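Hi,

Here is the model I promised to send over. Please open it first and then read my notes underneath.

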Amino acid sequence: MRPARGEPPSTLPFLPDLRRRILFLRNCKMATERTYIMVKPDGVERRLTGEIIRRFENRGLTLVGLKMLIPTRETAEKHYAVHNTKPFFGELVDFVTSGPVVAMVWEGPDAVKLTRQMIGATKPADALPGTIRGDFTCDMLLNLIHGSDAPETAAEEIALWFGENGLAR
Ligand code: IDP
Ligand code: MG
């Protein structure tokens, strides 16, 4: 925003409001990162998709990809391959393929870490109030949302769920 006529120019041009700060970060591409976020079938069924999107938008992240789909077992097994020896693997794949999910890519400074903190811990007793899991679930399996845990896994997961040309930008 330009200063009104007669007002001196601001000495802190990018601090006064969040919108200007977001534009600044976007323009200078400082530490911008992408992460894969998925509202799981329980989150969709409980109508928490809007709440989750609102939280990330309010924080200043940018949505760069979005789609709704029922995952195939093949995709779910690839996505959770790191857990394929765990006792809960079968149940996890059953759960994530049980209904529609909302697959998203979010962009912003430190997006992976920032969204993981907003999502909250996997163990219900460790998921703090104020986080998505801490506010809406106390179940270890039915925990509403997935978020990539590192920039490398984010790149793999974005490729798995959105492919080469699946993103809006
Ligand atoms: P994360 O989603 O917080 O990254 P991970 O350890 O990667 O947690 O586990 C992937 C998903 O598997 C969890 O989100 C949860 O749905 C499920 N899960 C993890 N640990 C357990 C468990 O001990 N019992 C049942 N389900 C689990
Ligand atoms: Mg994980």
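Below is what I found, starting with the ligand site.

First, the ground rules: this is a predicted model, where local features need pLDDT of at least 70, side-chain atom pairs count only at pLDDT 80 or more, and totals for chains, interfaces and linings use all residues. Residues are numbered from 1 along each chain as its sequence is written, chains are lettered from A and ligands numbered from 1 in the order written, and side-chain values use heavy atoms, leaving out hydrogens and water.

Around ligand 1 (a heavy atom within 4 Å) are Lys 40, Tyr 80, His 83, Phe 88, Leu 92, Arg 116, Thr 122, Arg 133, Met 140, Leu 141 and Asn 143. Three side chains place an N or O atom by a ligand oxygen (pairs within 3.5 Å count as polar contacts): Arg 116 at 2.8 Å, Arg 133 at 2.9 Å and Asn 143 at 2.8 Å. On its own, ligand 1 exposes 530 Å², and the protein buries 79% of that (Shrake-Rupley, 1.4 Å probe).

As for confidence, the protein chain averages a pLDDT (scale 0 to 100) of 90, with 85% of residues scoring at least 70. Among the elements (DSSP runs; helices H or I of at least four residues, strands E of at least two), helix α1 (residues 18–28) has the lowest mean, 67, and strand β4 (residues 145–147) the highest, 99. Where pLDDT is low, the predicted coordinates should not be read in detail.

Best wishes

Definitions and conventions: A polar contact is a pair of N or O atoms within 3.5 Å; within protein, one must be able to donate a hydrogen and the other to accept it, and residues adjacent in sequence count only if both atoms are side-chain atoms. pLDDT is the predictor's confidence in each residue, from 0 to 100.
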